[in-house]
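Open your viewer and get ready to click along. Each stop below tells you what to select and what you will find there.

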Protein chains: 2
Amino acid sequence: MDKIKIVVDAMGGDFAPLNDVSGAIIAAEERQESLEIILVGKEKLISDELSRHKVKLKNIHIVNADETVTMTDSPVDSLKSKPDSSLSVGINLMKEKKADAFVSAGNTGAVMTASIIKMGRIDGVGRPTIGSLFPTDFGKTMVFDVGASVDCKASHLLEFAVMGSIYMKYIYNVKNPSVGLLSVGEEKSKGDNLTIEAHELLERSNLNFIGNVEGRDVLRGKADIIVCDGFVGNVILKFAESVLDVIKGKFKSYAAKGFFNKLWVGLMYGTLKNVVLKDFDYQEYGGVPLLGVNGVTIIGHGKSSPIAIKNMIFKAEEMVSKKVNEKIRTEIGNMKLKTG
Amino acid sequence: MDKIKIVVDAMGGDFAPLNDVSGAIIAAEERQESLEIILVGKEKLISDELSRHKVKLKNIHIVNADETVTMTDSPVDSLKSKPDSSLSVGINLMKEKKADAFVSAGNTGAVMTASIIKMGRIDGVGRPTIGSLFPTDFGKTMVFDVGASVDCKASHLLEFAVMGSIYMKYIYNVKNPSVGLLSVGEEKSKGDNLTIEAHELLERSNLNFIGNVEGRDVLRGKADIIVCDGFVGNVILKFAESVLDVIKGKFKSYAAKGFFNKLWVGLMYGTLKNVVLKDFDYQEYGGVPLLGVNGVTIIGHGKSSPIAIKNMIFKAEEMVSKKVNEKIRTEIGNMKLKTG
């Protein structure tokens, strides 16, 4: 079997190229038989970083790219103004079939835009989507969309549900994943124009649709997949990410009030971290998939650790080996709705 | 000065009439000189509950209402099918100027619908709004709207900002409250059609508009007021409410794993509660105001404690004494936008 080739944007994220290269090394070392990794970015920086690690791995390669898209660059503008960025060069490698997947912890909007424009949408997909994992007591819930598509139509939410179900089934081995529609009440009649229409479509699909779910159900694992407009999904994802900081901040202020407080927080912290905090640490989840494009793109948090980068690479590998895109193409192509 | 008359829906909420009556008694006792409280609901139940408390307060009265709107009744249907509900009778008292304000921990949708339909909107207000307080490290942030109005237009978000600024100024004494627009990025160009248009209007207003804020900024107190469509606001409010349960649940599971775990959680719990959990306890905030109607309605959580009911009554009193509605009427009437 041919090795799966994954491009890693070595210039992506707040700790580039440090964490990107370290993550790539861990992944390449663990899977020497199945993976080829291509680090894209400033050659000198990358090779210096590689040599610092003192490892010789035959399955790591470098492709030079002179420019870098920063975290604050405009997604659309950077695509035109920086044709030789690690991002553009990396996605071009995937487009030219010299690689199977692309992984980046860089500017989310830019990675998304470049992937969609360069790779194109899968036939029948109106809007691509990004899904993010939320921790629940019972396992995992993935919310689609968390920011790829705003001002969605009902048919887009249906597509998110189809693509999300396939992802959940093949990547997380969930049989017949349940799909919830995020709304402001459980009844079919509750919601805004978009969700009332989407409810109708989802009911007529062959998905395992369990009806409307509410904001409080996201962390309770009421559905394996929750679909919503990317505006709403993005707001709750960022809200959820902030919970960790808020809790940490509160304990820090408490500890600062005196020596015994500090001692006491120190004693509790290990338990706190294991019981609650780690679940709210969204940086460790290892990237979110962009679904609906003719290619495999995994986007990571700007603060991704080397382990997060490694997890992103493994997730990309799985999407390729399990042929997730082919399944999406077939399901979207064959989708029929029951007559209402 | 005339006493302010507040109607309390004695049949509202999960613990009616118990908590409603207890809360009313605490409020009436604390403010014997300034408040008259009218408990509306099944007379026998209320008077039994009152006599259980063995207090004689001249400023508590009962008005009978034979029907009760349940938490699952349809807001619009219940208005027609239960004309003699505590909710309808109570709001009618306000409409007939026999009372100044109405307080209920009952079915939120029904309280809102009845208030809007019976009292009517303030001239110039397209959509009423409900605001909810979120705890921050630095003080308070109020989000408008959290569920009164979905499918909003940009002009509605501007109205929310005007009404919210007045509420924050007079009820929480915040000078020149800052207004943030909830979106998916900080830049003006980021957002959906609604927020991009609303950004323009807010910029042209004379409010203290600080630009877009994101989901992560809600708990960080970046703005005194954050405006958004009621769909998004409702989803994040319910999400935030669930955080408390999720954290409690995680500690419960941890404690269940063994005797020492249980002991350890028992030791930590007091600190946990004081430092973090109490801030996420949205039941204790004492109700949310419905702004934009010709009347004062405070809506409480179904699980409101007697203290929460008391706080709702005091909030209603303040809205009346500080003439919040008159200020809204004037500001909305005089609103002028700078030419763009």
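Through which surface do the copies meet? The copies meet through the same surface, because 100% of the interface residues of chain A are also interface residues in chain B. Keep in mind as you go that this is a predicted model.

**Stop 1: the two chains together**

Show chains A and B side by side and try superposing them. Chain A can be laid on chain B by a turn of 180 degrees and a shift of 0.0 Å along the axis, with an RMSD of 0.0 Å. That relation is the one a two-fold axis gives.

**Stop 2: the contact between chains**

Now select the contact itself, to which chain A and chain B contribute 36 residues each. On the side of chain A that touches chain B, the elements giving two or more residues are α8 (230-255) and α9 (259-275) of chain A. Colour α8(A) brightly, since you will want to see it well: α8(A) gives the most to this side, with 17 residues. If you colour by class, the side of chain A that touches chain B shows 20 nonpolar, 7 polar and 9 charged residues.

**Stop 3: a helix pair in chain B**

Move over to chain B and select helix α8 (residues 230-255) and helix α9 (residues 259-275). Their axes come within 7 Å and cross at roughly 140 degrees. Show side chains for B:Phe251, B:Tyr254 and B:Ala255 of α8(B), which make the contact with B:Asn261, B:Lys262 and B:Val265 of α9(B). By class, this contact has 4 nonpolar, 1 polar and 1 charged residues.

**Stop 4: helix α10 of chain B**

Next, pick residues 306-321 of chain B, helix α10. How far apart are its end C-alpha atoms? They are 23 Å apart, which agrees with the 22 Å that 16 residues should span at 1.5 Å a residue. Buried residues in α10(B) include B:Ile309, B:Met312, B:Ile313 and B:Phe314, and B:Lys310, B:Lys315 and B:Glu317 are buried too. Just after the helix, click B:Lys323, which follows α10(B) and has a positive phi, near 50 degrees.

**Stop 5: strand β6 of chain A**

Finish in chain A with strand β6 (residues 140-144), which is mostly covered, with 4 of its 5 residues buried. Add strand β5 (residues 129-135): 5 bridges join β5(A) to β6(A), and the two run antiparallel. Along that pairing, A:Pro135 has A:Lys140 as its bridge partner. Then add strand β9 (residues 225-227), which runs parallel to β6(A) and is joined to it by 3 bridges. Here A:Met142 stands opposite A:Ile225 of β9(A).

Technical notes:
Residues are numbered from 1 along each chain as its sequence is written. Chains are lettered from A and ligands numbered from 1 in the order in which they are written. This is a predicted model: local features need pLDDT of at least 70, side-chain atom pairs count only at pLDDT 80 or more; totals for chains, interfaces and linings use all residues. Two residues are in contact if their C-beta atoms, placed from the backbone, lie within 7 Å. Ala, Val, Leu, Ile, Met, Phe, Trp, Tyr, Cys and Pro count as nonpolar, Asp, Glu, Lys and Arg as charged, and the others, Gly among them, as polar. Axes are lines fitted to C-alpha atoms, for helices over the stretch in contact, and angles run from 0 to 180 degrees between N-to-C directions. The expected span of a helix is 1.5 Å times one less than its number of residues. A residue is buried if 20 or more other C-beta atoms lie within 10 Å of its own, exposed if 12 or fewer, and partly exposed in between; C-beta atoms are placed from the backbone. Two strands pair if DSSP finds at least two bridges between them. Copies are superposed by least squares on the C-alpha atoms of residues with pLDDT of at least 70 in both.
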